[in-house]
Amino acid sequence: MSKTKRINPRRPLVAGNWKMHRTASDTKVLIEDIVKRVDRVANIDLVVCPPFTSLAAAHETLGRHSILALGAQTMHSSKEGAFTGEISGPMLREFGVRYVILGHSERRQYDNETNEKVAAKAIAAISYHLRPIVCVGETLTQREAGETTAIIDTQIHTSLAGFPVDQIEELVVAYEPVWAIGTGKVATPTQANQVHRQIRKLLVKMFGDPGASIRIIYGGSVKPENAVDLMAEPDIDGALVGGASLDARAFFDIIEATRPARPNVND
Ligand code: PEP
């Protein structure tokens, strides 16, 4: 990712988060199935995030110039060191990884990935030429207590503290209400768009005008059946897809739902 290769502002992006699914050999099969379907898809950025152990197989199957970019599901902020079980940015780069999910709610819940750690990881990711997909989102209890706005405000401010403004176009923010992840309960398009609009305002406050061009994607039980309505919302720039990204047909249908709704602004 060189400085001269600019990303079109708010070009739609769909990323598949495979979580802890698919062995290396299963990965090859799924990647081939997805690539076959998305071969002619244009004007959209597509990312798949398999487990670490499947990155080599994914990289090899994709080849060098694939329409599908590779992402990781987390990384450590250090380059190397005594951090048992961890993976660093340079290690990911060796497998052609271009994106990294940070602060996913499952990592926040089970692995103590705090806002402060996310901020350090996002800065490290950018220094290793990885595009961070920084996740934020409220729990059901927080939503029902009317705390969504405050929670999102804190997560955005703290998780993106110190992020270099001259690299802002490489950043992706994912709004993932925790109550919608893997539950089948999707936010309504209006609910999601309200939070996306709030996030965009916060980003402009933090980073000035360039903040307006940061892509904000929605995640939480996105399926082919609900993708068209969600992606038609003006502040939703794409999707972070969990369960449905393990099914090549469903993933493709979500991509198709995203692409015509939000054509590349520069096309
Ligand atoms: C996710 O894990 O980021 C996610 C959105 O999962 P699902 O689509 O299964 O709700």
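Me: Which helix and strand each supply at least two residues of the lining of the second largest pocket?
Reply: They are α4 (105-110) and β8 (238-241), helices being DSSP runs of H or I with at least four residues and strands E runs of at least two, numbered from the N terminus. This is a predicted model, where local features need pLDDT of at least 70, side-chain atom pairs count only at pLDDT 80 or more, and totals for chains, interfaces and linings use all residues. Residues are numbered from 1 along each chain as its sequence is written, and side-chain values use heavy atoms, with hydrogens and water left out.

Me: Which gives the most to that lining?
Reply: α4, with 3 residues.

Me: And what sits in the second largest pocket?
Reply: The ligand takes that space; a molecule sits in a pocket if more than half of its atoms lie within 2 Å of its grid points.

Me: Which residues come nearest to the ligand?
Reply: K19, E176, G182, S221 and G242, out of 14 around the ligand; near means a heavy atom within 4 Å.

Me: What about polar contacts, N or O pairs within 3.5 Å? How far is the ligand from the side chain of H104?
Reply: A ligand oxygen is 2.9 Å from an N or O atom in the H104 side chain. For the N17 side chain the distance is 3.3 Å, and a backbone N or O atom of G242 lies 2.8 Å from a ligand oxygen.

Me: How much of the ligand does the protein bury?
Reply: The protein buries 97% of the 290 Å² that the ligand exposes when taken alone, by the Shrake-Rupley method with a 1.4 Å probe.

Terms used. Polar contact = N/O pair within 3.5 Å; in protein donor to acceptor, adjacent residues only side chain to side chain. 1 Å grid on protein atoms, 1.4 Å probe; cavity = no way out; pocket = protein on both sides within 12 Å on 5 of 7 lines; lining within 4 Å.
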